[in-house]
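Please look through the sequence and the model below. The paragraphs after it go from one glycine to the helices around it.

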Amino acid sequence: MVTSTDLFIGAAIGKATGNISAAIPLAFASHYLLDVIPHYSPNPVKSYLEKGLRGADKKDLFLKSIEPVIGIGIVSYAMYAQSELFLVILLGSLFAWLP
């Protein structure tokens, strides 16, 4: 699954619950619930598995690396915009992304 989806769902769970002890297990479970839905999973970066980082297709590597960075940036903005829920949003995102 695309990384941002897990991050955004986890952040939303954290914000909706506002409670760390509820957000962590719900966010963790959300990862598995979302995996039940058929979805797009990107293939590994071309030539990376055979040749390592030096042989990887640089454009493919960049495009597949930028998506999680953008997702983390958006979640970071949400955490700072809702500073009273900073930790809950952070933990929700992390626990939804972990598995």
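Gly18 touches Leu85 and Val88, leaving aside residues up to four places away in sequence; contact means heavy atoms within 4.5 Å. This is a predicted model, in which local features need pLDDT of at least 70, side-chain atom pairs count only at pLDDT 80 or more, and totals for chains, interfaces and linings use all residues. Residues are numbered from 1 along each chain as its sequence is written, and side-chain values use heavy atoms, with hydrogens and water left out.

Gly18 lies in the loop between H1 and H2; helices are DSSP runs (H or I, at least four residues), numbered from the N terminus. Its phi is positive, near 65°. Gly18 counts as partly exposed because its relative accessibility is 39% (buried is under 20% relative accessible area, exposed over 50%, partly exposed in between, with a 1.4 Å probe and protein chains only).

Before this loop comes H1, residues 3–17. Its buried residues include Leu7, Ala11 and Gly14, and helix H2 (20–36), helix H4 (58–81) and helix H5 (86–97) are among what covers the buried residues of H1.

H2 and H5 also pack on each other, at an angle of about 25° and with axes 7 Å apart; axes are lines fitted to C-alpha atoms, for helices over the stretch in contact, and angles run from 0 to 180 degrees between N-to-C directions. The two helices are therefore roughly parallel to each other, a term for angles under 35 degrees. Residues making the contact include Ile24 and Phe28 of H2 and Leu91 and Phe95 of H5.

Technical notes:
Expected span 1.5 Å × (residues − 1). Parallel < 35°, antiparallel > 145°, perpendicular 65-115°, else oblique.
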